[in-house]
There are 2 protein chains.
Amino acid sequence: MSLQPENNSKVAEEEEGATPPTLSKKAAKKEAMKLEKLKHQQEAAAAAASREADPLSENYGEVSLQDMQSKPVSGRIWTEIGSVNESFKDKTVLVRGRIQTTRPVGKNIGFVVLRDGGFTIQCVLTVAENLISRQMVKFATSLTSESFVDIEGIVSVPDAPIKGATQQVELQVRIIHCTSKALPKLPFNIVDAARSEPDIEKALQAGEQLAHVTQDTRLNFRVLDIRTPANQGIISIQSQVEEKFRQYLLSKGFRGIHTPKLLAGSSEGGASVFRLDYKGRPVCLAQSQQLHKQMVICGDCKRRLHPRHLCEFTGLDVEMVINEHYSEVMDLVDCLFAIRKQYPFEPLKYPRKTLRLTYEEGVQMLKEAGVEVQPLGDLNTEAERKLGKLVLEKYGTEFYILYQYPFAVRPFYTMPCYDNPEYSNSFDVFFRGEEIISGAQRVHDPELLISRAQSCGINLKSIEKYIDAFRYGAPLHGGFGVGLERVVMLFCALNNIRKTSVFPHDLKRLEP
Amino acid sequence: MSLQPENNSKVAEEEEGATPPTLSKKAAKKEAMKLEKLKHQQEAAAAAASREADPLSENYGEVSLQDMQSKPVSGRIWTEIGSVNESFKDKTVLVRGRIQTTRPVGKNIGFVVLRDGGFTIQCVLTVAENLISRQMVKFATSLTSESFVDIEGIVSVPDAPIKGATQQVELQVRIIHCTSKALPKLPFNIVDAARSEPDIEKALQAGEQLAHVTQDTRLNFRVLDIRTPANQGIISIQSQVEEKFRQYLLSKGFRGIHTPKLLAGSSEGGASVFRLDYKGRPVCLAQSQQLHKQMVICGDCKRRLHPRHLCEFTGLDVEMVINEHYSEVMDLVDCLFAIRKQYPFEPLKYPRKTLRLTYEEGVQMLKEAGVEVQPLGDLNTEAERKLGKLVLEKYGTEFYILYQYPFAVRPFYTMPCYDNPEYSNSFDVFFRGEEIISGAQRVHDPELLISRAQSCGINLKSIEKYIDAFRYGAPLHGGFGVGLERVVMLFCALNNIRKTSVFPHDLKRLEP
């Protein structure tokens, strides 16, 4: 058996036994629909009645809720769909998965494609005495897409390759039970959501209009959207990237710590954007861990790794003692991004040793290309992207560090340059033309810190404890922050940060 | 040279050249102090003058701030104090560390104990022509405790063991520069903060009053407190525990994800404790990730690990698809806590297979011991501790699972028992008499979820998206949450959760 169930909404009419759709005139359509509905109702009642009369009724149907409330363990073993291959030939397996598609072929044959993670398997029901009844085929092919089912069946290996499923075996169904029914009408089909823009475009040129799921619809029904293979992949990569970062840093003597998220008074000396009431006391949400992570360094934790998640952004914050130069921090960035070699999505161009350019050199390159920027101001996104292109042309790398930023555009705790007060000991890391890391040497001298805070208009009272931390002996130190979503977005060459956040929230969206 | 500098505030007077303190009568004391102060001022001025005249002045002093602003890399290599041992004999090394203590012995000899992490090394300055001047000895021994210094010296191996330092070598100082000066008067000494209660008690019985640093003082000056070896250890253990948990779960196919912390409207269907304004929109802080982590499960991420840090508590949240029974979740807990074998602080008693008792059995044990508890209510902390003792006596384990809790005491999304609606498919894990994990099978049926939410008085509108997530086919699932600070507290048999949080915040404390 190697008939293929359809994978999109086209109707396949060529197979044996398929009933062609009844074509009725527009005038008769309404009446026909009414009749259709009535017919369906009658059929449903008849199916229920005939099921009761079916001696095979134990082998299919819906699992009662009670049976899913952790009744004593049955000892049954579920096989992962992704693992079922030719070596299982003639064996009976029990699999659990979602209905991807169903298709009846006449009344005696039914196809069900079952999905689990990124894997799909084609399951076949063929009417046979004492094994499969017509009612059972009807039950299976009437199941709604995305419903969960348990299928027990015998593995067979068809002669022709199976196009509509990842697993190149079929399951000859013996038992099929539904554990969770999806609504008949989903906001969109996973298959539609999984289609690429070029594929939609290509089909359109061939005269076929395929469904397109907008970003907004996807985010509204994110639990459906994240079922697509691409999103499953992004989530896995994100988890792996975070873990590789963590493992590398821990192997280098860093320790992971957590800092407070609710702070007394106003946040980090600046404006308190997020004020709230904590059991009668005014508090604010920490907007970064900057001050606390430096305080931890003053507590003799030489190398700190701070995972954080604040206001819809997952950050990995690193703070470390340095010996004498903030290039030590940049060296760590180099090593950390060795992981980029493992994900060769689009061939990423980079040399073994990361290119380092001063901010001044960057400005000069832009100037020569006709882009005017303030030499002591910051680069806007457009200028950053342009510089990324210029660097790629000149140096053949999409990954580089721009250092020695103008003093005026960095936070008050940034160490000034030793020989030029207009610049600072700071750097940004660029990846495919976008900033992914921002870092610097920090001021460890309390008097300089006070004068810096004052000239930035920060209320000294609000950062008193922070400044005090440097009065009991403070090490030279520096650090940086990485935006996890940005890194993954750029690794995978995605065009929108929302694609790398499981539940992206922004000014317009705070749900789901 | 094997003279020992003192480690506490007692004055050692027996060494050669030590000046005994001038004993003056009470009447003359005030005048003497005045003179003393004047003398110090004169001495300081004289020292500055003599330093200028000292041909060795390049070899000691304070590093200018400019020299710490990342001037071009010098190529010098710093050796970790903890690595300096006998194999370095006669070699010149450069180390950086904090002044633990200093002690002059007459005017020609000075001791400096330098600390780095948990390691200390004794450094010696002996006046010698063209090498060490009297001014240099004075500079070194006047440095305040906790200041940072760079010392270059030659490693020597004394005959007698060194009691006042971890490293059994001495450093014959050649160059000493201070990179950061601590205040002369610290809120408390690290040595005092590092002393154990039994040691203070023992000294008291021997007639000696040693300084005791209260928990409140410690937390007020947490950057000093976390410098003690015990706190350094706790921070390392915490980081390791989190990493082992993560690694184990990731190895089992879990993926780490992050959920939103700012939610529209009211939080999790309950009272919005933390309301705030997000650019003109009313939002609230997520108090748990429960709803989002279940939604992710509905998005076909079968096994999820959710690190979180909310309101001063670091949680590791786990949510997983189950096949049929929530014991599958409890089995995972068993495996996860295999890590307990690695930290044998106090001999922790546990069998290879974790003991599992029903809540009913627990209540019965308490009843037999004369403790009356509501059979369908929750256990209070006292009853939990008592039960912990009873279980230890009867079963010889300090680690066990209590399952099948009364339905009424668990959240609305908990799955009821299949055969007894008064109980639920839930469990708590106890460790040394305290709950460290709470878990359950969750309701995956949208209609049951609605009726449960309604009977708990939850506003359905506020959890609409959550309930909808189960309408597109939902897997059987369950999960649990672990409190990282609690686990570490109980692993290390500490008596206060504040000891395992770097910056503990609570109702009374929101700083530092």
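## Exercises on salt bridges and symmetry

The structure, a predicted model, holds 40 salt bridges over all chains.

**Exercise 1.** Determine which parts of chain A are tied together by the salt bridge between Asp428(A) and Arg410(A).

*Solution.* Begin with the contact itself, in which the side chains of Asp428(A) and Arg410(A) meet with an N to O distance of 3.1 Å, inside the 4 Å limit for a salt bridge. Next, place the partners: Asp428(A) belongs to strand β15 (residues 426-431), whereas Arg410(A) sits in the loop between β14 (399-403) and β15, so the pair ties together parts 18 residues apart in sequence. Finally, consider accessibility: Asp428(A) and Arg410(A) are buried.

**Exercise 2.** Carry out the analysis for Glu146(B) and Arg98(B) in chain B.

*Solution.* The side chains of Glu146(B) and Arg98(B) form a salt bridge of 3.8 Å, N to O. Since Glu146(B) lies in the loop between α2 (134-141) and β5 (148-156) and Arg98(B) in strand β2 (residues 92-105), the pair ties together parts that are 48 residues apart in sequence. Both Glu146(B) and Arg98(B) are buried. In chain A, salt bridges with shared partners join Arg98(A), Arg115(A), Glu146(A) and Arg227(A) into one network.

**Exercise 3.** Work out what relation links chain B to chain A.

*Solution.* Chain B can be laid on chain A with an RMSD of 0.1 Å by a turn of 180° and a shift of 0.0 Å along the axis, which is therefore the relation of a two-fold axis. In chain B, the C-alpha nearest this axis belongs to Leu276(B), at 2.7 Å. As a last step, 100% of the interface residues of chain B are also interface residues in chain A, so the copies meet through the same surface.

Terms used: Residues numbered from 1 in each chain as written. Chains lettered and ligands numbered in written order. Predicted model: local features only at pLDDT ≥ 70, side-chain atom pairs only at ≥ 80, totals over all residues. Heavy atoms only, no water. Least-squares fit on C-alpha atoms with pLDDT ≥ 70 in both. Contact = heavy atoms within 4.5 Å. Helix = DSSP H or I, 4+ residues; strand = E, 2+ residues; numbered from the N terminus. Buried < 20%, exposed > 50% of the residue type's maximum accessible area, 1.4 Å probe, protein only.
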